[in-house]
Amino acid sequence: LMSTDPNMPILEMTGTDGLYEFDALATGSDYSVTPEKDVNHTNGVSTLDLVYLSQHILGIQSLNSPYKWIAGDVNNSGTLTTFDIVQLRKLILLIDTEFENNTSWRFVASDYTFPVANPLSQPFPEVIDISNLSADEAANFVAVKIGDLNCSASPNQLIGAGSRNAAGELVFHVEDALVKQGAQYTVEITAKEFKEILGYQFTMAFDNNALGFVSVQAGELPNLGDANFGTNLLEEGILTASWNTSEAIDVTDEAILFSLTFEAKQDVLLSEAIRLNSRYTVAEAYSKKSAAAPLELFDVSLEFGSDGTILNAPFELYQNQPNPFKNATSISFQLPKESYATLKIYDLSGKTLQLIEGVYAKGYHEITINKSDLGVSGVLYYTLETADDTATQKMILID
């Protein structure tokens, strides 16, 4: 809240329901209310948003809300173009960690009426001014998560979440091979039942003690190239991927979708060195069987060899993000099958600070941990346990 009063500005955090209040204000003064939130730019952002944005730009299916237009204007240019697609994909691939010319959230005065033909044709009000305050006033806004065109963001948490239900599975296939030290080997990626697919994304983890990434080669997928892969985490053995098309396509099982070339640092079996998971870019695909059918979300897995053996992402407990943290952090994990799991957070003495338990579906999950739920600071540990597996990580909570 701003005014000419010497005590200004006054800062107020909304509740999880979005409500806030400034009270005991001097009457007769002018005030301005400005909402602001610029954290976790990836919250709610996925390749599915690229599908909707590209369909809008190509005139296949227009965005049905002015707020979605704002969400799609990633570069804050006042137009929706392929430049927005490029910037959004960089965020999905973790090439960028935030929008170059935009905040994570934008706020529009709720009583604003947009131009019908083009909601971005004129500036929209992001501040509410109140002149000569004489009684209680309401200042209401609509929050828009930039890049999130399907409204999947978690608006009342610092960290975006979590689990989702999949209607099927897209299975990528690689012929297993023993690669000799010093040799370069091109891994050809095919897929089983690549039918009515609009897009996919995933994290590929490879053993960087055994393999070094060299290059990407295009295959049968249209408009796929280097820009569909994120390579800034190669030192960690991570390659991120995001591809989409504006209309669903079919590809035969034998067709090479794309190829990846690695150089072997030691003798290694591909099936022991490469995995798909959701550690950074969540592994998922999107299918639409017809214009009238709803869009379906698929899991993504990787299959090696000609015997049909499918290597699902293994049990993994990841390092919390961010770490260290002040207010909230996200603990993520991967389950190879549906399991009853417990997540215990405890201090150096072994005292349990928080216990979370339940039945979790196969795949990737995120749990938000708030400082207020722990009651302490310093070095803490967290352990994830199922009937078959257990893992522990260390995290740091700072004041």
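Reader: Over how many bridges do β18 and strand β19 pair?

Author: In this predicted model, β18 pairs with strand β19, residues 328-335, in the antiparallel sense. Within this pairing, E316 stands opposite Q334 in β19. The bridges that join β18 and β19 number two.

Reader: Which strands stand at the edges of the open sheet of three strands, β18-β19-β22?

Author: The order of this open sheet is β18-β19-β22, and its pairing is antiparallel. A strand at the edge has a single partner strand, so one side of it is left without a neighbour in the sheet. The two strands in this position are β18 (316-317) and β22 (363-370).

Reader: Which peptide bond has an omega near -5 degrees?

Author: The loop between β18 and β19 contains P322. The peptide bond leading into P322 is cis, with omega near -5 degrees. It is the bond from Q321 to P322.

Reader: What is the omega of the peptide bond from M8 to P9?

Author: P9 belongs to the segment before β1 (31-33). The bond that joins M8 to P9 is cis. Its omega is near 0 degrees.

Reader: In what order do the strands of the open sheet of four strands stand?

Author: This open sheet has antiparallel pairing. β21 (352-360) and β24 (390-397) each have a single partner strand, so they stand at the edges, with one side of each left without a neighbour in the sheet. From one strand to the next, the twist averages 15 degrees. The order of the strands is β21-β20-β23-β24.

Reader: Which residue in β23 stands opposite T342?

Author: Strand β20 (residues 339-346) and strand β23 (residues 378-385) run antiparallel and are joined by five bridges. Opposite T342, the residue in β23 is E385.

Reader: How far apart, N to O, are the side chains of R106 and E126 in their salt bridge?

Author: The count of salt bridges comes to six, and one of them is formed by the side chains of R106 and E126. This pair links distant parts of the chain, 20 residues apart: R106 lies in strand β2 (residues 105-109), and E126 lies in the loop between β2 and β3. A salt bridge requires a side-chain nitrogen of Lys or Arg within 4 Å of a carboxyl oxygen of Asp or Glu. The pair of R106 and E126 meets this condition, with an N to O value of 2.7 Å.

Reader: Which residues gather in a patch of negative charge on the surface?

Author: One member, E137, is placed in the loop between β3 (128-130) and β4 (141-145). Residues count towards such a patch only with over 30% relative accessible area and no salt bridge. The residues that gather in this patch of negative charge are E12, E21, D23, D136 and E137.

Reader: What is the phi of N40?

Author: N40 is placed in the loop between β1 and α1 (47-57). Although N40 is not a glycine, its phi is positive, at about 45 degrees.

Methods. Residues numbered from 1 in each chain as written. Predicted model: local features only at pLDDT ≥ 70, side-chain atom pairs only at ≥ 80, totals over all residues. Heavy atoms only, no water. Patch = residues over 30% accessible without salt bridge, like charges linked within 9 Å, V, L, I, M, F, W, Y side chains within 5 Å. Areas by Shrake-Rupley, 256 points an atom, 1.4 Å probe, with all protein chains shown as cover. Lys, Arg positive; Asp, Glu negative; His and termini not counted. Charge placed at Lys NZ, Arg CZ, Asp CG, Glu CD. Pairing = 2+ DSSP bridges. Axes fitted to C-alpha atoms, helices over the stretch in contact; angles between N-to-C directions.
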